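Subject: Structure for your review

Dear colleague,

Please find below the structure that I promised to hand over to you. After it, I set out what was found, in an order that should be convenient to follow on screen.

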Amino acid sequence: MISEQEILNASILIVDDQQSNVQLLGEMLREADYRCITSTNNPYEVCALHQKDHYDLILLDLQMPGMDGFQVMENLKEMETNGYLPILVITAQPGHKLRALASGAKDFISKPFDLIEVRTRIHNMLEVRLLYKKLERYNQELEQTVLERTAELRASEARFRRLTELSSDWYWEQDENGHFTKIFGPVLEMLGIRVDDVLGNIRDDHWAGWNEAEREILEANLAARRPFLDFVYSRANPDGSRQYLMVSGEPLFDSSGRFTGYRGVGKDVTDTMHSNEESPANK
């Protein structure tokens with residue numbers, strides 16, 4: 001919400017070629033405790049003044065010599081790229097009201113002035129204007145926050161990927177149907193898994209020589225949605241050698257407890273397993 005002090009501290013420009021009208025409106029505003037009041041009798045100065053001070057409200061007379069209020073509004077439209085003109089027009093011609101509103105004015109004051117009406121319209125319009133500015137600032141701050149959070153998220157993801165690369169050979173994710181949705185690392189080449197046009201169509205071929213008993217244990221863990229840590233399984237390569245892989249995974253659930261898939265890491269531990277098999281303790 002907008003406080004009364006914020007409204008009274010709002011900046012106001014009075015534009016009228018009649019000095020008596022300027023004085024009357026100025027005195028009325030000061031008596032109501034408005035503090036930031038500027039005035040001009042020259043309509044040609046309005047755009048430059050607004051560009052410099054960005055007024056919260058412009059009280060604009062429509063009938064002025066040289067440049068009338070309608071022309072002033074057209075010039076202000078070119079300045080205000082956000083499309084909001086904080087203009088309260090002053091007119092003695094009832095027929096000008098609709099045209100003024102269509103030209104961008106937000107409200108109007110009729111001559112001769114009814115001081116209570118003038119104060120009420122100015123107060124209401126300033127409240128709306130300040131709310132609009134506060135919303136605009138909030139949107140800018142929100143947009144900046146989104147940009148910052150997005151940058152942080154990307155940096156965090158990059159750090160996560162790097163840590164995964166350092167601690168394992170690959171990182172993987174599956175959806176609730178067992179389809180791979182993310183894979184980072186050379187797992188496909190290492191496992192001999194074929195890739196169709198999209199990631200979800202990744203499938204490993206049953207002829208790849210996997211140890212069926214070990215694979216059944218792994219698939220049973222996946223089917224039961226159990227976590228598993230450092231599970232080692234193997235396959236026979238075409239040249240007769242044996243390849244060992246170690247994988248860890250955890251099931252994923254959404255806030256309602258619905259299973260959404262798996263994520264985990266994997267590592268080729270063939271060299272380690274061969275070293276263990278050749279060590280004297282295993283002979």
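**Two unusual backbone angles**

Asp33 is partly exposed, since its relative accessible area is 46%. Please bear in mind from the outset that this is a predicted model. Asp33 sits in the loop between H2 and E2. Its phi is positive, about 80 degrees, although Asp33 is not a glycine. Asp230 likewise has a positive phi, of about 50 degrees, without being a glycine. Asp230, however, belongs to strand E8, which covers residues 228–236. With a relative accessible area of 43%, Asp230 is also partly exposed. These angles deserve attention because most residues other than glycine have a negative phi, and most peptide bonds are trans.

The second half of that rule has an exception here as well. The peptide bond leading from Lys111 to Pro112 is cis, with omega near -5 degrees. Pro112 is found in the loop that runs between strand E5 (107–110) and H6.

**The protein as a whole**

The protein has 283 residues, and 36% of them are buried. Its secondary structure consists of nine helices and 10 strands. If one takes the contacts between residues at least 6 apart in sequence, 54% of them join residues at least 24 apart.

**Parallel strands**

How do E1 and E2 pair? The two strands, E2 being residues 36–40, run in the parallel sense and are joined over five bridges. One example to locate is Ile14, whose bridge partner in E2 is Ser39. Between these strands the chain passes through H2, and the resulting β-α-β crossover from E1 to E2 is right-handed.

E1 is also joined to E3, again in parallel, by four bridges. Here Val15 has Leu60 of E3 as its bridge partner. E3 in turn pairs with E4 in the parallel sense over four bridges, and Leu59 stands opposite Leu88 in E4.

Are the residues of E3 buried or exposed? Five of its five residues are buried, so far as the 20% cut-off for relative accessible area defines the term. In a regular strand the side chains alternate between the two faces of the sheet. In E3, Leu57, Leu59 and Asp61 are buried on one side, and Ile58 and Leu60 are buried on the other. Both faces of this strand are therefore covered, given that buried means under 20% relative accessible area.

**The nonpolar cores**

Which residues of the largest nonpolar core touch the most other members? Among its 22 residues, these are Leu25, Leu29, Tyr34, Leu57, Leu59, Ile122 and Leu126. At least two residues of this core come from each of helix H1 (4–8), strand E1 (11–15), helix H2 (19–31), strand E3 (57–61), strand E4 (87–91) and helix H6 (115–167). H6 gives the largest share, namely five residues. Leu29 is a useful place to begin: setting aside neighbours within four places in sequence, Leu29 is in contact with Ile12, Ile14, Tyr34, Ile37, Leu59 and Ile122. Apart from this core lies another, of 20 residues, which includes Val46, Met64, Val72 and Leu85.

**Helix H4**

H4 covers residues 69–79, and its buried residues are Gly69, Phe70, Val72, Met73 and Leu76. Why do they line one face of the helix? Viewed down the axis of H4, the buried residues fall within an arc of 155 degrees, so they share one face. The general pattern is that an α-helix has 3.6 residues a turn, so residues three or four places apart point the same way. The buried residues of H4 pack against helix H3 (46–53), E3, E4 and helix H5 (96–102). At the N-terminal end, H4 is capped by Asp68, which has a side-chain oxygen 3.1 Å from the backbone nitrogen of Phe70.

**A buried glutamine**

Finally, I would draw your attention to Gln174, which is found in strand E6 (residues 170–175). Gln174 counts as buried, because its relative accessibility is 13%. Leaving out neighbours within four places in sequence, Gln174 is in contact with His179, Phe180, Thr181, Leu222, Thr260, Gly261 and Tyr262.

With kind regards

Notes. Residues numbered from 1 in each chain as written. Predicted model: local features only at pLDDT ≥ 70, side-chain atom pairs only at ≥ 80, totals over all residues. Heavy atoms only, no water. Core = buried A, V, L, I, M, F, W, Y, C linked by side-chain atoms within 4.5 Å. Buried < 20%, exposed > 50% of the residue type's maximum accessible area, 1.4 Å probe, protein only. Contact = heavy atoms within 4.5 Å. Pairing = 2+ DSSP bridges. Right-handed = clockwise from strand over helix to strand, strands pointing away. Arc of directions from axis to C-beta. Polar contact = N/O pair within 3.5 Å; in protein donor to acceptor, adjacent residues only side chain to side chain.
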